[in-house]
Amino acid sequence: MKTLTTVDRDAPIDEVRAHLHRDGGVIVRDLLSDEARLAIIDDLAGAMEVIGPGSKSGLEQWELFHGRETIRFCGLAARSRAFVDHALLEPVFGAVTDRELLGGCTSYWLNTGQVMAVGPGEKAQYLHRDENNWPEAITAEREITVSCMFALSEFTRANGATVVVPGTQKLAPGLVRGHEVTDDDLAYAEMPAGAGLIYSGKVIHGAGTNTTDELRYGMHVSFVAGWLRPEEASPLHVDRARAAELPEEARRLLGWSSYHSEGGGRTWLVDFEDAADLFA
Ligand SMILES: O=C(O)CCC(=O)C(=O)O
């Protein structure tokens, strides 16, 4: 078995990134204070109850990926102001993402904010790489997406802590569904509530098996290069009135601003103008 390094939230960003680059993932303690974490849990409690476990897509592969005992939903910025203030705008994850993504784009935006609450009896998710959402855009050198799995409850190996295959972010690009591994290759992102696993879009990983009778309450936040289309259509969740209530940076991350490429054109415009001007 392998391990991932855990650092304190005030560790220098370059140190956090050194672990990320070596292993493909790094755990940072106390990304969420107890107050922030409990506020997010409280805001999402209604949706957790109504939505319940299991994918509703009707597509077998998707249902397998999402898990039969796992509660998943998006639209977190529309459901929780605490999510916006404390997770979407979390500064350590933001600083890491700036350095990882801004070499390949002039800005990035939210890919998805997603509850991933692994229920009792859930089997392990198949291992995958997040960047495979955008196969046409993958290169060996460039990171196009970075994620953070926030632990809203403690993550243990027994309750389904995220399984990471350290070092696989360095493998050649390509599809890796069902990548062959032995137990010796795996690390389990065991972490206390409030911590976060920051991980590369290239590293092979997946949700673990939950053999306990408790819920492993995870909340995934990922960003993607601003010239790519995100997994989640955030402005269809966060409407203009809701966006107007949020900090400017949150609006930008949620798609209420436009993309200005380096030396090229601008995209995602509203009548040829930057969508951010709607709030001027
Ligand atoms: O829930 C987890 O620990 C990881 C889930 C995941 O990687 C995914 O659904 O894309």
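**View A. The start of helix α5 in the predicted model.** At the start of α5, a side-chain oxygen of Ser80 comes to within 3.3 Å of the backbone nitrogen of Ala82. Helix α5 spans residues 81-88. Its buried residues are Ala82, Phe83, Val84, Ala87 and Leu88. Ala82 therefore appears twice in this view: its backbone nitrogen faces the Ser80 oxygen, and the residue counts as buried, under 20% relative accessible area. The buried residues of α5 pack against helices α2 (34-51), α4 (76-79) and α9 (248-253). They also pack against strands β4 (108-118), β5 and β10 (216-225).

**View B. The buried side of helix α1.** Helix α1 covers residues 13-23. Ile13, Val16, Arg17, His19, Leu20 and Asp23 are its buried residues. They lie on the same side of α1, because they cover an arc of only 160° around the axis. What covers them includes the strands β1 (6-7), β2 (25-28), β6 (163-164) and β8 (196-200). Helix α6 (91-101) is also part of this cover. Just after α1 comes Gly24, with a positive phi of about 95°.

**View C. The ligand and its shell.** The ligand is surrounded by Phe65, Arg72, Met116, Gln125, His128, Asp130, Met149, Thr162, His205, Gly206, Ala207 and Arg216. This shell divides into 4 nonpolar, 5 polar and 3 charged residues. Two of the surrounding residues, Met116 and Arg216, fall in β4 (108-118) and β10 (216-225), strands against which the buried residues of α5 pack.

**View D. Polar contacts to the ligand.** Which side chains place a polar atom 2.9 Å from an oxygen atom of the ligand? Gln125 does so. His205 does so too, through an N or O atom of its side chain. For Thr162, a polar side-chain atom lies 2.6 Å from an oxygen atom of the ligand. Taken alone, the ligand exposes 300 Å². The protein buries 96% of that area.

**View E. Ser153 in the loop between β5 and β6.** Ser153 is found between β5 (145-151) and β6. Is Ser153 buried or exposed? Ser153 counts as buried because its relative accessibility is 18%, and the cut-off for buried is under 20%. The side chain of Ser153 reaches the backbone nitrogen of Tyr217 at 2.9 Å. Leaving aside neighbours within four places in sequence, Ser153 is in contact with Ala193, Leu215, Arg216 and Tyr217. One of these, Arg216, also belongs to the residues around the ligand. Asp42 is 111 residues from Ser153 along the chain, and their C-alpha atoms are separated by 13 Å.

**View F. Asp30, a positive phi outside glycine.** Asp30 sits in the loop between β2 and α2. Its phi is near 60°, a positive value in a residue other than glycine. With 47% relative accessibility, Asp30 counts as partly exposed.

**View G. Phe272, another loop residue with a positive phi.** Phe272 is found in the loop between β13 (269-270) and β14 (273-274). Although Phe272 is not a glycine, its phi is positive, at about 70°. Phe272 counts as exposed because its relative accessibility is 67%, and the cut-off for exposed is over 50%.

Definitions and conventions: Residues are numbered from 1 along each chain as its sequence is written. This is a predicted model: local features need pLDDT of at least 70, side-chain atom pairs count only at pLDDT 80 or more; totals for chains, interfaces and linings use all residues. Side-chain values use heavy atoms; hydrogens and water are left out. Buried means under 20% relative accessible area, exposed over 50%, partly exposed in between (1.4 Å probe, protein chains only). Helices (H or I, at least four residues) and strands (E, at least two) are DSSP runs, numbered from the N terminus. The arc is that of the directions from the helix axis to the C-beta atoms. Contact means heavy atoms within 4.5 Å. A residue is near a molecule or strand if one of its heavy atoms lies within 4 Å of it. A polar contact is a pair of N or O atoms within 3.5 Å; within protein, one must be able to donate a hydrogen and the other to accept it, and residues adjacent in sequence count only if both atoms are side-chain atoms. Accessible areas come from the Shrake-Rupley method with a 1.4 Å probe; for residues, only the protein chains shown count as cover. Ala, Val, Leu, Ile, Met, Phe, Trp, Tyr, Cys and Pro count as nonpolar, Asp, Glu, Lys and Arg as charged, and the others, Gly among them, as polar.
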